[in-house]
Amino acid sequence: MSEEHVQYTKLVGLLEERGAAYRVIEHDPEGATEAVSALRGNTLEQAAKCIVVMVKTGKKTKRYVLAVVPGDRRVDLNALKALLGGTYAGFATQEVAERLSGSVSGTILPFSFDPELELVVDPALLEHEEIFFNAARLDRSLALRTADYREIARPRTEAISQ
């Protein structure tokens, strides 16, 4: 199995094991939220945009957050900085984001399988019956029942978008 499909296989296995209601959607390779939402046929509000953020919490300490917001919004770095009591918040480097998430940029899952990566989801995304996201692959997405997502991912829910 190729390295890029490890996270996809892990997630689908977890969803199957937990009896989650989901659909696999195959599409042309695309990682941009607006473009892939058009290919999948979902609204931007239902798209889970996943961004790894680094928050400095001290001179030599930092924490990483997997910020998940609706596709029509942007991550509010100041909200994340305040939430974690940090002095600075910025986007993690692509290398760090891909290492912690186990996925290439544009395919990051709204799940964290790394204890260094804290999952924080904006409540606006959870207002929908289903959420949509690239499934650790540019050519495959999942539509997942929101109630199952909440139960399996167990995200911290905070207002982190603008």
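Helices here are DSSP runs of H or I with at least four residues, strands are DSSP runs of E with at least two, and both are numbered from the N terminus. A pocket is found on a 1 Å grid over the protein atoms alone: it is an open set of points where a 1.4 Å probe fits, with protein on both sides within 12 Å along at least five of seven lines, and its lining residues have an atom within 4 Å of a point.

This is a predicted model, where local features need pLDDT of at least 70 and side-chain atom pairs count only at pLDDT 80 or more, while totals for chains, interfaces and linings use all residues. Residues are numbered from 1 along each chain as its sequence is written, and side-chain values use heavy atoms, with hydrogens and water left out.

**The pocket**

Let's start with the open space. The largest pocket holds about 350 Å³, a volume taken as the space filled by probe spheres set on grid points that are joined across faces, edges and corners. Its lining has 22 residues, and the closest to the centre are Gly-31, Thr-33, Lys-49, Cys-50 and Gly-106. Which elements each supply at least two residues of that lining? They are α2 (33-40), β2, α4 and β6, and β2 gives the most, with five residues. Sorted by class, the lining has twelve nonpolar, seven polar and three charged residues. For that count, Ala, Val, Leu, Ile, Met, Phe, Trp, Tyr, Cys and Pro are nonpolar, Asp, Glu, Lys and Arg are charged, and the others, Gly among them, are polar.

**The open sheet**

Next come the strands, where two strands count as a pair if DSSP finds at least two bridges between them. Five of them form an open sheet in the order β4-β2-β3-β5-β8, with mixed pairing. At the edges stand β4 (88-91) and β8 (156-157), each with a single partner strand, so one side of each has no neighbour in the sheet.

Moving through the sheet, β2 and β3 are joined by a hairpin of five residues. Val-69 in β3 is the bridge partner of Lys-49, a residue already met among those closest to the pocket centre. Further along, Tyr-64 stands opposite Leu-117 in β5, and Val-121 has Thr-157 in β8 as its bridge partner.

**The other pairings**

β7 pairs with β1 and with β6, as the table shows beside pairs from the open sheet.

| Strand pair | Sense | Bridges |
|---|---|---|
| β2 and β3 | antiparallel | nine bridges |
| β3 and β5 | parallel | five bridges |
| β5 and β8 | parallel | two bridges |
| β1 (22-26) and β7 | antiparallel | five bridges |
| β6 and β7 | antiparallel | six bridges |

On the β1 side, Val-24 has Leu-142 in β7 as its bridge partner. A hairpin of two residues links β6 to β7, and Asn-134 is bridged to Ser-141 in β7.

**What is tucked inside**

Buried means under 20% relative accessible area, exposed means over 50%, and partly exposed is in between (1.4 Å probe, protein chains only). Seven of the nine residues of β3 are buried, so that strand is largely enclosed by the rest of the structure. β7 is largely enclosed too, because five of its six residues are buried.

A nonpolar core is a set of buried Ala, Val, Leu, Ile, Met, Phe, Trp, Tyr and Cys residues joined through side-chain atoms within 4.5 Å. The largest one has 34 residues, and those with the most contacts inside it are Leu-15, Val-68, Phe-111, Phe-133, Leu-144 and Tyr-149. Elements that each supply at least two of its residues include α1 (6-18), β3 (62-70), β7 (140-145) and α5 (146-153). Apart from it lies another core of eleven residues, among them Ala-67, Leu-84, Ala-89 and Val-120.

**Two loop residues and one in a helix**

Leu-109 sits in the loop between α4 and β5. Is it buried or exposed? Leu-109 is buried, with a relative accessible area of 2%. Leaving aside neighbours within four places in sequence, its contacts (heavy atoms within 4.5 Å) include Leu-11, Cys-50, Leu-66 and Phe-133.

Leu-126 lies in the loop between β5 and β6 and is buried, at 10% relative accessible area. With the same neighbours left aside, Leu-126 is in contact with Val-121, Thr-146, Tyr-149, Arg-150 and Thr-157.

Ala-35, in helix α2, is partly exposed at 32%.
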